[in-house]
Amino acid sequence: MRLNQVTVGTTDVGRAEAFYRLLGLQLIVKDAHYLRFECPDGDSTFSVELVDAVAPVEQITVYFETDDVDEACARLRDAGVAFDTEPADMPWLWREARLRDPDGHHLCLFHAGDNRRNPPWRLPRVP
């Protein structure tokens, strides 16, 4: 099984398109109610669909990995994007920064490298 894509809701498709393009995603599908993006690396896609309202308290965080968290944050900050937390090294061996998209969805820009799937505390593989 592979995770194919994540879809979030938006109340403004144009605003969401501008934000996720700024983030660095490549738009591949677009209509008045739906956008689908390819991530620049890997096989994952990310989509946005028009909804009447976005839940004010969301329990999901979408993680986007980048090789240079600080550079990505500086570029976004220069474009007016606000961050909830600035880039920092975390005890789980990632460097990350937290922000929200224009609809309030929680996002994390991070770099984990091999530690994402193979941290020192990874459980043994089961045969």
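The following exercises, each with a worked solution, concern a predicted model of a protein chain.

**Exercise 1. Overall architecture**

Task: Determine how many helices and strands the protein chain holds, and in which order the elements run.

Solution.
- Step 1. The secondary structure of the protein chain amounts to two helices and eight strands.
- Step 2. Read from the N terminus, the order of the elements is β-α-β-β-β-β-α-β-β-β.
- Step 3. For the dimensions, a box along the principal axes that holds the C-alpha atoms is roughly 45 × 40 × 30 Å.
- Step 4. The protein chain has 127 residues, of which 32% count as buried.

**Exercise 2. Strand 5 and its partner**

Task: Assign the residues of strand 5 to a covered and an uncovered face, and describe the pairing of strand 5 with strand 8.

Solution.
- Step 1. Val-62 and Phe-64 make up the covered face of strand 5.
- Step 2. Thr-61, Tyr-63 and Glu-65 make up the uncovered face.
- Step 3. Strand 5 and strand 8 (residues 106-111) run parallel and are joined by five bridges.
- Step 4. Within this pairing, the residue opposite Thr-61 is His-106 of strand 8.

**Exercise 3. A charged surface patch**

Task: Identify the residues that form the negative surface patch, and locate Asp-68 in the chain.

Solution.
- Step 1. The patch consists of Asp-41, Asp-67, Asp-68 and Glu-71.
- Step 2. Asp-68 belongs to the loop that connects strand 5 (61-65) with helix 2 (69-78).
- Step 3. Membership of a patch requires over 30% relative accessible area and no salt bridge.
- Step 4. Asp-68 has a relative accessibility of 38% and therefore counts as partly exposed.

**Exercise 4. A salt-bridge network**

Task: Establish which salt bridges Glu-17 forms, and state how buried or exposed each participant is.

Solution.
- Step 1. Side chains of opposite charge can pair when their charged atoms come close.
- Step 2. The structure contains nine salt bridges; one of them joins Arg-21 to Glu-17, with an N to O distance of 3.0 Å.
- Step 3. Both residues of this pair lie in helix 1 (residues 13-23), four residues apart, about one turn of the helix.
- Step 4. Arg-21 is partly exposed, because its relative accessible area is 45%.
- Step 5. Glu-17 has a relative accessible area of 12%, so Glu-17 is buried.
- Step 6. A further salt bridge joins Lys-30 to Glu-17, at 2.9 Å from N to O.
- Step 7. This pair links distant parts of the chain, with Lys-30 in strand 2 (residues 26-31) and Glu-17 in helix 1, 13 residues apart.
- Step 8. Lys-30 counts as exposed because its relative accessibility is 55%, the cut-off for this class being over 50%.

**Exercise 5. The pair Glu-86 and Arg-77**

Task: Give the N to O distance between Glu-86 and Arg-77, and classify the accessibility of each residue.

Solution.
- Step 1. The side chains of Glu-86 and Arg-77 form a salt bridge with an N to O distance of 2.5 Å.
- Step 2. Glu-86 is partly exposed because its relative accessible area is 42%.
- Step 3. Arg-77, with a relative accessibility of 36%, is therefore partly exposed.
- Step 4. Elsewhere, Glu-17, Arg-21 and Lys-30 are joined into one network by salt bridges that share partners.

**Exercise 6. A backbone angle**

Task: State what the phi of Leu-93 is, and where Leu-93 is found.

Solution.
- Step 1. The phi of Leu-93 is positive, about 75°, although this residue is not a glycine.
- Step 2. Leu-93 sits in the loop between strand 6 (83-89) and strand 7 (95-100).
- Step 3. The relative accessibility of Leu-93 is 39%, so Leu-93 counts as partly exposed.

Note on methods: Residues numbered from 1 in each chain as written. Predicted model: local features only at pLDDT ≥ 70, side-chain atom pairs only at ≥ 80, totals over all residues. Heavy atoms only, no water. Patch = residues over 30% accessible without salt bridge, like charges linked within 9 Å, V, L, I, M, F, W, Y side chains within 5 Å. Areas by Shrake-Rupley, 256 points an atom, 1.4 Å probe, with all protein chains shown as cover. Salt bridge = Lys/Arg side-chain N within 4 Å of Asp/Glu carboxyl O. Lys, Arg positive; Asp, Glu negative; His and termini not counted. Charge placed at Lys NZ, Arg CZ, Asp CG, Glu CD. Buried < 20%, exposed > 50% of the residue type's maximum accessible area, 1.4 Å probe, protein only. Pairing = 2+ DSSP bridges.
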